[in-house]
Amino acid sequence: MRKDRSTSVGRREFLKSSIALGTLSAIPASSEAAPAVVETNDREYWVQVLTRIAHPVLQSLSERKLKLEMPVEAPHGNAAERRQFTYLEAMGRLLTGMAPWLESGPQSGPEGGLRNQYAEWSRMAIQAGTDPASPDFMNFNQGSQPVVDTAFLALAILRAPTELWQKLDSKTQQHVIAALQSSRVIQPSYSNWLLFSAMVEAALSFMGVWWDPMRVDYAVRTLDTWYKGDGVYGDGPAFHWDYYNSFVIHPMLLHILDTVAKSSSSWDSYRPVMLMRARRYAAIQERMISPEGTFPPIGRSLCYRFGAFHLLAEMALRHELPEGVSPQQVRSALTAVMRRMVDAPGMFDDQGWLRVGFYGHQPSIAESYISTGSCYLCSAAWLPLGLPASDPFWAGSAAPWTAKKIWAGDDMPADHALAEKA
């Protein structure tokens, strides 16, 4: 539903009061671009980055003005085509990374005040995006792209079942179910996209409506046949050097299996081995972060920036990091990556929207399917914000990560491939 003016003014006053509280000051009091983040502790820094990136998207959606206000940068000159998909990309991808913080973040204090506000805006965003009468009603079934971001929205709901599902009114819940069901007309490509259809079905199973076990079964069994060894799956039968094992494959496999296990034991045998593989891939990812907080710009979809560490963040959230990798060193490594990228000139436009690029504004690095909304998958690195401030991930002192230790001359154990039974 639309806000009246008094509600809008109340929200602005809330945001102004949050700014006055001190370090969590990255969020603006109106729709202008957020100021640069300030030096602070790691958790506060992460919250500042989250609010800076999320604010334009969620404020616009809360007012049902996303399609009016969000620019659509499409470096391949196909903005008209990408407008069909970019708004669902922005919402689904942003919420998938914010969800653990919305679900389990603090309820009070400066951070709690921001979390409460963003949880409310996120529910309003889902209302705006799934209500057929809304000017921001999104495309869930025309073309092929919507199955991708319907799945990211589904994953967000599974990660925040209280804040992004139970607290929705019943009419909005029905709109969400209808939106997810409508995506079934899309036939996914023979690639990681099989997991998007399966994720939608997993979410429908959680929502208590009919779901299609065959779509889940086909995705899980097929991905298992594409396993190449040492924690790495093919994206299709062939191997690709890119970050799709992290962007999609490992995190979605884990969440699909977690969710459908509550309805059926048919895939339980896959869970231990797929968790083991994910743990190994997380170890590889942690080692790929250089002492300077950079990582190799390899493969497709580099415009998702630090979303490349979706899986590493997932394993930290699950307390399933590999042996010898402490949560503090993962926090320190991810913070270094975020600082490098967020500080890059040109990452944001003058109104605070993300621009296309990897390090700053680099439109030539984008594929034809990339537009403004695509970039919001960077949110996937924020998953550990769902851990309390008392968790070792946040409470421990900063620690050097593996590459930083090795390049400092520390004597470190050798790395070994994952040993699996044939």
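This passage looks at a nonpolar core, a pair of packed helices and one buried arginine in a predicted model.

A good place to begin is the interior. The largest nonpolar core is made up of 135 residues. Within this core, the residues with the most contacts are I53, M98, M252, F306 and W382. In soluble globular proteins, nonpolar side chains tend to be buried together. I53 gives a helpful view of such surroundings: beyond its neighbours within four places in sequence, I53 touches L94, F306, M347, F348, L354, Y376, C378 and W382. Two of these partners, F306 and W382, are themselves listed with I53 among the residues with the most contacts inside the core.

The next stop is a pair of helices. Helix α6 spans residues 109-130 and helix α9 spans residues 170-182. Their axes lie 9 Å apart, and the angle between the two helices is about 55 degrees. Because this angle falls neither under 35 degrees nor within 65 to 115, α6 and α9 are oblique to each other. The crossing of α6 past α9 is left-handed. Where the helices meet, α6 contributes I126, Q127 and T130, while α9 contributes T172, H175, V176 and A179.

Finally, R82 deserves a closer look. This residue belongs to helix α4, which covers residues 79-82. With a relative accessible area of 4%, R82 counts as buried, because the cut-off for that label is under 20%. The R82 side chain forms a polar contact with the side chain of Q145, at 3.5 Å. Setting aside neighbours within four places in sequence, R82 is also in contact with A74, E89, S368, Y369 and S371, as well as with Q145.

How values were computed
Residues numbered from 1 in each chain as written. Predicted model: local features only at pLDDT ≥ 70, side-chain atom pairs only at ≥ 80, totals over all residues. Heavy atoms only, no water. Helix = DSSP H or I, 4+ residues; strand = E, 2+ residues; numbered from the N terminus. Buried < 20%, exposed > 50% of the residue type's maximum accessible area, 1.4 Å probe, protein only. Polar contact = N/O pair within 3.5 Å; in protein donor to acceptor, adjacent residues only side chain to side chain. Contact = heavy atoms within 4.5 Å. Core = buried A, V, L, I, M, F, W, Y, C linked by side-chain atoms within 4.5 Å. Axes fitted to C-alpha atoms, helices over the stretch in contact; angles between N-to-C directions. Parallel < 35°, antiparallel > 145°, perpendicular 65-115°, else oblique. Left-handed = near helix turned anticlockwise from the far one by under 90°.
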